[in-house]
Amino acid sequence: MLMKQRVTMIFFIILAAVLILAKWASNLYVDWLWFQSVSYQSTFLTIILSELGLKIAVGTVFFLLLFFNLLPIKTKIINAANQVRVVEDDDNVINMYNSSLGRYAKSGPIIFVFLLISIVMAFFVGTAVTGDWVTLQKFLHPTQFGQIDPVFGKDIGFYVFQLPFYEFIYKLLIWSIIIIAFWVTLTYFVADSASGKTGGFLKTDAARYHLSFLAAVFFIARAIGYKLDQYNLLHQSGQIIYGPGYTDIHANLLAYKILLVISIIIAIAIIINIFLRKLKLVVYSIVSLIIFSILLGGIYPVIVQKFYVLPNELNKEKPYIENSIKYTRMAYNLDQVEKKPFPAGKTLNAQDIQKNRATIESIRLWDYRPLQQTYSQIQEMRTYYELKNIDVDRYFVNGKYRQLMISPREMNQEQLPENAKTWVNEKLKYTHGYGVVASPVNEVTPEGMPKLFIKDIPPVSNIDIKITRPEIYFGELTDNYVIVNTKTDEFDFPRGEENAYNRFAGKTGVYLGSIIKRALFALTFSDYKLLLSTEVTSDSQILYNRNITERVKKIAPFLKYDNDPYVIINDKGKLFWIWDAYTTTDMYPYSEPFESGLNYIRNSVKVVVDAYDGNVKFYVADQEDPIIKTYQKIFGNMFTPLGEMPAGIKAHIRYPEDIFMIQASKYQVYHMEDPEVFYNKEDKYSLPIELVEGKEEFMEAYYTIVELPGEGEAEFVQILPFTPHNKINMISWLAGRSDTNNYGKLLLYEFPKQELLYGPRQIDTRINQDSYISQQMSLWNQKGSKVIRGNLLVIPIKDALIYVQPLYLQAEQSKMPELRRVIVAHGDRIVMEPTLDLALQKIFGEGASFEGTSPKPAVTDTENTIKPTVKSLAEDANRIYQEGLAKLKAGDWAGYGKSNEELREVLKALSEQAQ
């Protein structure tokens, strides 16, 4: 019975191991098929072989080290186990015993046990090495930065590409020594116990020699660690700067050098002790290391800092502050920021407005947050479609350079009705989204809705941008795999009471030509229906890893990515995703980190994904970046020069918001290049504060088309104002340029410090203090609707600024914001009008009007307040009627009479509107 149970247990263990191995093998094969389908087989092989190769190499080396450290103890175990033990009992009778290990104490079983221990530990150590293949490959393919660190005189490339690998080897060595020493000590203890002695194994020559040798190796490794610690002084945070200051260079660096020498001396002392057996020599050496560590590593730096540096801190730290400023600016490309004066205190006139027509017509009246809700209400069409994100881009529309808001209409299978969430629907039928919605940033219909240039299903375009391939198989919501070209036609789009159907015409999926392939995919995705379905044919393709974030990161996991991939329409009417990727490191000397310890960033790669067939291309946007050069060495032909990007896509690359905000964040401090000014933080910038839905938030950078002062023509840029630290007036603004000729260039426009220029928070305050505007907003907020204030935009025009903020009115029932007012401020004037055109006219005169460019304003009365629409009046009438009935039932006759009076007024207004 016992034997049967053992056999059954062994069977299930073997079965589980086979299933786990089969699952792993099928996942690996499915990954290989996927990389093959996207034409990145060589990238897959490089990653897999590097990862597996490093694991195997580490595991093998550790196995050999552990096994050959255990092997010499074999003889001691055999001798101890076979030794006869003489024991005198309580009756003074002498008994003789053999060790209980005697029958196992043979060379073969012992070696087998050593092999088993070594293999198991090597497996755990090898598998613990995860993700370090990138460190290895960068070490093997370094690139010079051409910049030398100021302390050790080494090229920056040493810290970025080589030092991380040395640290990896060092940590691996230390842990290996500790683990090996543990198993060696345990094995000697077992041998000692087998001989009937306990605690005496350390006195034997074999154990003493062995453990002394391991201890000597450990202290040699610590000496290497102290050498690496010297280099890592360049990556530590200080009280004033990031990187080493005076105390680090003159105290901590000295400490590491002395501790390095002491560690080597201890290692030598331990080896000498093997022969001299002078234990005191080793003890004295170790105690001296501890004492010097405390004195040099702890006490001495504190004394230097407190009594020598702090009394004259600026003078002592000045050269190190200069280093921090210089290297942080280089790490974030801030040394390339071009500074220009901006008078900004001038007053504009109507002629100035007319001359800057391109800038005025690109002022973004639609904030992406309320527009998201409006798009969802009027253009999602069906519950299973979702307009998740709205992006800002620029296009030539009917020959004119225009800024558009654009949102892809994706399929969200989670929003299918519950009874429609079948396997056939989710995997074979509802496979893709359809088309986009696009509208200009500055145009509004008389009803307060966005004027849609591209809308509906199938896409209808009233401009010269047409969509020829509207299907979206790959996007931000495509989280599930689908199978195309099956016996089931794919749902394309709704058409009246019927649906239109289509079939995938791409070749980028994996063909399910054989039952073996289907079985492997069924195992990988844990979906038996994939294997059993009769709808799948030999011509069917499976599309997986369709979410573009997952898709791109699977190919290039070594890059960092922007938070906002955006969809574009190319010149042939196809939809593509553009996703900005960054090269980063946390090993740039003297550079202050921005997040997760990273302290260097470049927007070196533009990733383009075809929304229809999922084809992925990586374009190198920064050929000067040493890190991308290293990746090009590692991955061969994976990257394509930006010059080879098709013109219809290249026209839509933009300077990404994430890196712009990181640079802006660092520039708040590191625009100060004078060490004394930096030390005192005399000229520190801050991000401006604005009100968003009643809450104070840091102002977001925003894209716009503007004619930069002194540049001559309008261009697509990203803008972010700065304010002085702890103040709310504006001091400067930063522009990131996106158009081809000036792509990636940063411009800082500095305002005169002797003049007061309103910041966004001050404009918000002035809006709130304006009696007319505040009264109107309070009125609208009380009648079953809510006022939403859009982004406050600071628009540079010529040598002055105007401030623009749109206002949206949202009914509680419809949840659909309508743009109803535009606030414009310039100088000491602030106005609110139904349109931007009317607001400009009110400030600058009728000559500021752009005839034909503004929509008709919403219906207004003589007091310029919004007259309710027929729809809103009908809703009010119904609401008041229901309230009156409730009051009548409650016996509130006075309230009922009041409701009747209100209803009469609403019906009267409704009658007037209907005439």
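**Group meeting: a walk through the predicted model**

I'll start with helix α22, residues 760-769, which is mostly covered, with seven of its ten residues buried. The buried ones are P760, R761, Q762, I763, D764, R766 and I767. Please keep in mind throughout that this is a predicted model.

Now the overall picture. The protein has 915 residues, and 51% of them count as buried. There are 26 helices and 35 strands. If you take the contacts with a separation of 6 or more, 66% come from residues 24 or more positions apart.

Next, helix α8, residues 246-276. How far apart should the ends of its 31 residues be, at 1.5 Å a residue? The expected span is 45 Å, and the end C-alpha atoms are 44 Å apart, which agrees. That said, α8 has a bend of about 30°, located at N252.

Helix α8 also meets helix α10, residues 313-331; the two axes come within 8 Å and cross at roughly 95°. Angles of 65 to 115 degrees count as roughly perpendicular, so that is the description for α8 and α10. On the α8 side, the contact is made by Y246, I249 and H250, and on the α10 side by K316, E317 and Y320.

Moving on to strands. One open sheet has three of them, in the order β13-β17-β16, and the pairing is antiparallel. Which strands stand at the edges? They are β13, 482-484, and β16, 510-511; each has a single partner strand, so one side of each is left without a neighbour in the sheet. The pairing of β16 with β17, residues 541-543, is antiparallel and runs over two bridges. If you want to find it on the screen, look for V510, whose bridge partner in β17 is I542.

Further along the chain is strand β31, residues 785-789. Four of its five residues are buried, so β31 is largely enclosed by the rest of the structure. Its antiparallel partner is β33, residues 800-811, with five bridges between the two. One pair to look for is S785 and its bridge partner in β33, A811.

Then comes the pair β34 and β35. Strand β34 covers residues 818-826, and it pairs with β35 in the antiparallel sense over five bridges. A825 has I830 of β35 as its bridge partner. The β34-β35 hairpin has two residues between the strands, and G827 there takes a positive phi near 60°. As for β35 itself, residues 829-833, four of the five are buried, which leaves the strand mostly covered.

Last, a single residue, L365. It sits in the loop between α12, 357-360, and α13, 368-379. Is L365 buried or exposed? Its relative accessible area is 3%, and the cut-off for buried is under 20%, so L365 is buried.

What does L365 touch, leaving out residues up to four places away in sequence? The list is V441, N442, V804, P806, Y808, L819, V822 and L836. Take L819 from that list: L365 and L819 are 454 residues apart along the chain, yet their C-alpha atoms are separated by 8.2 Å. Two of the strands I mentioned come back here, since β33 covers residues 800-811 and β34 covers residues 818-826.

That is the end of the tour.

How values were computed
Residues are numbered from 1 along each chain as its sequence is written. This is a predicted model: local features need pLDDT of at least 70, side-chain atom pairs count only at pLDDT 80 or more; totals for chains, interfaces and linings use all residues. Side-chain values use heavy atoms; hydrogens and water are left out. Two strands pair if DSSP finds at least two bridges between them. The expected span of a helix is 1.5 Å times one less than its number of residues. The bend at a residue is the angle between axes fitted to the seven residues ending there and the seven starting there. Buried means under 20% relative accessible area, exposed over 50%, partly exposed in between (1.4 Å probe, protein chains only). Axes are lines fitted to C-alpha atoms, for helices over the stretch in contact, and angles run from 0 to 180 degrees between N-to-C directions. Angles under 35 degrees count as roughly parallel, over 145 as roughly antiparallel, 65 to 115 as roughly perpendicular and the rest as oblique. Contact means heavy atoms within 4.5 Å.
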